[in-house]
Amino acid sequence: MYAQMVESTASDDDPEKLAAFQARIDAGEKIEPKDWMPEGYRKTLIRQIGQHAHSEIVGQLPEGNWITRAPTLERKAILLAKVQDEAGHGLYLYCAAETLGVSRDEMTEMLLEGRMKYSSIFNYPTVTWADIGAIGWLVDGAAIMNQVPLQRTSYGPYSRAMIRICKEESFHMRQGFDIMMKMANGSREQKRMAQDALNRFWYPSLMMFGPSDGDSVHSSQSMAWKIKISSNDELRQKFVDQTVPQADYLDLKIPDPELKWNQDKGGYDFSEPDWSEFHAVLKGNGPCNSDRMKARIRAWEDGRWVRDGLMAHAQKKAAGKVAAE
Ligand code: FAQ
């Protein structure tokens with residue numbers, strides 16, 4: 001279906017239509033599923049929304065790893081609710097992408113065949129309970145920094161999905177920070193665990209915003225189309241400026257000797273992540289890439305009988321062979 005859609009709209013990319021489309025974007029109008037759009041716009045959205053949806057689904061795995069081992073019943077209930085929220089975010093986003101003419105099954109197959117990505121951050125392991133605090137604080141914190149501007153993205157269904165998602169992400173970040181507060185104010189060993197989690201999650205969190213602006217392939221076109229509202233470096237800077245005072249409050253140290261306040265720019269100077277590590281993770285060579293993909297493939301295979309059963313039922317119903325419910 002996706003391939004057919006690509007073919008049928010490609011010939012529509014004429015200069016007049018493109019100019020009228022850009023004028024709508026520039027005027028701040030939302031583009032809706034039945035509106036004409038350039039093929040590049042549609043493809044960029046499918047790539048970004050699909051990657052975002054996959055990230056929400058794969059993103060359940062590192063935290064899901066701790067549901068059975070949360071230290072109290074209350075922490076368990078909170079973590080369970082958070083992980084379920086991430087599944088819901090994935091579903092909103094798959095629905096938004098489906099309005100562009102690609103099915104959820106097609107996107108899942110593209111992920112499993114390595115033709116679509118998910119966020120690099122979820123290829124890092126969660127080895128202690130403090131990592132669950134660090135994910136909520138840093139990973140959800142970075143996600144919010146990226147997603148709040150995306151509420152104003154030009155594509156209507158994506159924008160509306162982001163509004164719902166951002167409401168829940170704020171709770172996620174607070175629960176992570178709350179875990180960090182307990183750990184940082186706990187025993188010496190708990191504080192050491194909190195610092196260790198910050199040390200391991202700091203640079204991977206900075207990588208979530210994508211490559212530096214000079215190396216970002218898609219940013220300039222995506223920003224012209226208002227699919228992206230801010231550049232990767234702008235968001236990374238804002239994240240650092242927001243997070244450093246929070247680390248100070250926790251009495252934890254950001255693992256960057258170059259970090260210092262720059263009065264002239266009104267923000268912190270900080271060290272870039274190791275981009276060779278980022279590219280290695282994107283190529284599939286991060287610490288947990290193969291475990292994450294194995295888990296998704298197993299879930300897809302285990303769910304096959306349900307999908308087949310539902311399809312068979314729908315086909316029978318369409319043929320009038322099932323009694324009305
Ligand atoms: N990981 O030209 P750009 C969450 C790829 S939040 C993997 O700059 P673009 C919540 C990029 O796709 C996490 N790949 O690309 C949660 C492109 O490759 P391609 C998800 C990355 O699209 C919290 C290439 O590098 N959030 O899940 C990454 O303009 C806790 C060149 O990059 C979103 O997806 C990366 N970090 O900008 C869940 C937000 N960075 O496709 C559970 C929406 C870049 O050409 C627990 N997405 N790449 O093969 C975006 O804002 C953008 O897509 C960026 C990348 C900023 C991620």
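**Exercise 1. Find which residues line the largest pocket and lie nearest its centre.**

Solution. Start with the lining: 46 residues surround the largest pocket, and Gln51, Ser119, Met208, Phe209 and Gly210 lie nearest its centre. Here a pocket is an open set of points on a 1 Å grid over the protein atoms alone, where a 1.4 Å probe fits, with protein on both sides within 12 Å along at least five of seven lines; lining residues have an atom within 4 Å of a point. Next, keep the source in mind: this is a predicted model, where local features need pLDDT of at least 70 and side-chain atom pairs count only at pLDDT 80 or more, while totals for chains, interfaces and linings use all residues. Residues are numbered from 1 along each chain as its sequence is written, and side-chain values use heavy atoms, with hydrogens and water left out.

**Exercise 2. Locate the ligand and name the residues that come nearest.**

Solution. First, look in the largest pocket: the ligand sits there (more than half of its atoms lie within 2 Å of the pocket's grid points). Then check the 35 residues around the ligand (each with a heavy atom within 4 Å): Gln51, Lys117, Ser216, His218 and Lys228 come nearest.

**Exercise 3. Work out which polar contacts the ligand makes.**

Solution. A polar contact is a pair of N or O atoms within 3.5 Å. Begin with the backbone: a ligand nitrogen is 2.8 Å from a polar backbone atom of Ser120, and a ligand oxygen is 2.9 Å from one of Val217. Finish with a side chain: an N or O atom of Asn232 lies 2.8 Å from an oxygen atom of the ligand.

How values were computed
A polar contact is a pair of N or O atoms within 3.5 Å; within protein, one must be able to donate a hydrogen and the other to accept it, and residues adjacent in sequence count only if both atoms are side-chain atoms.
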